[in-house]
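Me: I would like to learn how to read a structure step by step. Could you take me through one, giving the general idea first and then the case at hand?

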Amino acid sequence: MQILLIIIYLLLTTSGLVLMKLGGNTGEILIRSGNLNFSMSLVSCAGFICYILSFLLFTRIVNMFNLSYIYPISAGIIQILTLIASVVILKETISTQGIVGAIIIIIGIIIMNINTNKI
């Protein structure tokens with residue numbers, strides 16, 4: 001159950017970021033004649049909803065794990081998933097520094113998951 005929640009969180013966060021980027025706007029807030037108007041594209045709105053749901057889910061996940069463990073691991077995985085999604089979906093290019101950074105993140109995730117009791 002815990003792993004499933006983490007997977008859903010990772011997918012919601014990555015989807016939220018990609019959809020907000022695809023939506024192309026950050027929202028527009030207008031105040032006219034005492035009225036407050038807010039507009040956002042449907043794609044950006046879907047991304048915003050995914051991102052809010054991921055935040056709510058993460059508050060549950062934080063209570064299930066040590067924060068010093070789950071936050072760096074999930075943040076690293078989100079960085080890698082976002083990098084992959086930006087190349088595949090958004091057709092962005094990755095620099096050599098980006099590839100090296102991704103490799104360092106992956107190495108860090110692996111090191112954090114090594115069972116130190118066996119060493």
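Reply: The turns below go from the whole chain to single residues. Please keep in mind that this is a predicted model.

Me: How many helices and strands does the chain have, and in what order do the elements run?

Reply: A first reading lists the elements and then follows them along the chain. Here there are four helices and two strands, and from the N terminus on they run α-β-β-α-α-α.

Me: Is the chain compact or spread out?

Reply: The general idea is to set the radius of gyration beside the value that the globule rule gives for a chain with this number of residues. For these 119 residues the rule gives 14 Å, whereas the chain has a radius of gyration of 18 Å, well over that value, so the chain is more spread out than a compact globule. The box that its C-alpha atoms fill, taken along the principal axes, is roughly 70 × 35 × 20 Å. Buried residues account for 22% of the chain, and of the roughly 8,400 Å² that the chain exposes, carbon and sulfur atoms supply 69%.

Me: What share of the contacts in the chain between residues at least 6 apart in sequence join residues at least 24 apart?

Reply: Such a share tells us about contacts between parts of the chain that are separated in sequence. In this chain it is 69%.

Me: Which residues make up the largest nonpolar core?

Reply: As a general idea, nonpolar side chains in soluble globular proteins tend to be buried together. In this model the largest nonpolar core has 11 residues, namely Leu5, Ile6, Tyr9, Leu10, Leu12, Cys50, Leu57, Phe58, Ile61, Ile70 and Ile78. Two or more residues come from each of helix H1 (2-23), helix H2 (42-64) and H3, with H1 giving the most, five residues.

Me: How should I read a single helix, and does the span of H2 agree or disagree with what its residues should give?

Reply: One compares the distance between the end C-alpha atoms with the expected span, and then looks at which residues are buried. With 1.5 Å a residue, the 23 residues of H2 should span 33 Å, and the end C-alpha atoms are indeed 33 Å apart, so the two agree. The buried residues of H2 are Ser44, Gly47, Cys50, Ser54, Leu57, Phe58 and Ile61, and they pack against H1 and H3. Val62, which is also found in H2, is partly exposed at a relative accessible area of 24%.

Me: How many disulfides does the structure hold?

Reply: One looks for cysteine sulfur atoms within 2.5 Å of each other. The structure holds zero disulfides: for Cys45, the nearest cysteine sulfur is that of Cys50, 9.9 Å away. Cys45 is partly exposed, with a relative accessible area of 31%, while Cys50 counts as buried at 16%. Setting aside neighbours within four places in sequence, Cys50 is in contact with Leu12, Ser15, Gly16 and Leu19.

Me: Is Ser74 buried or exposed, and with which residues is Ser74 in contact?

Reply: Here one reads the relative accessible area first, where under 20% counts as buried, and then the contacts. Ser74, in helix H3 (residues 67-88), has a relative accessible area of 4% and is therefore buried. Apart from neighbours within four places in sequence, Ser74 is in contact with Tyr9, Leu10 and Phe58, three residues that also belong to the largest nonpolar core.

Technical notes
Residues are numbered from 1 along each chain as its sequence is written. This is a predicted model: local features need pLDDT of at least 70, side-chain atom pairs count only at pLDDT 80 or more; totals for chains, interfaces and linings use all residues. Side-chain values use heavy atoms; hydrogens and water are left out. Buried means under 20% relative accessible area, exposed over 50%, partly exposed in between (1.4 Å probe, protein chains only). Contact means heavy atoms within 4.5 Å. A nonpolar core is a set of buried Ala, Val, Leu, Ile, Met, Phe, Trp, Tyr and Cys residues joined through side-chain atoms within 4.5 Å. The expected span of a helix is 1.5 Å times one less than its number of residues. The radius of gyration is taken over C-alpha atoms; the globule rule is 2.2 Å times the number of residues to the power 0.38. Accessible areas come from the Shrake-Rupley method with a 1.4 Å probe; for residues, only the protein chains shown count as cover.
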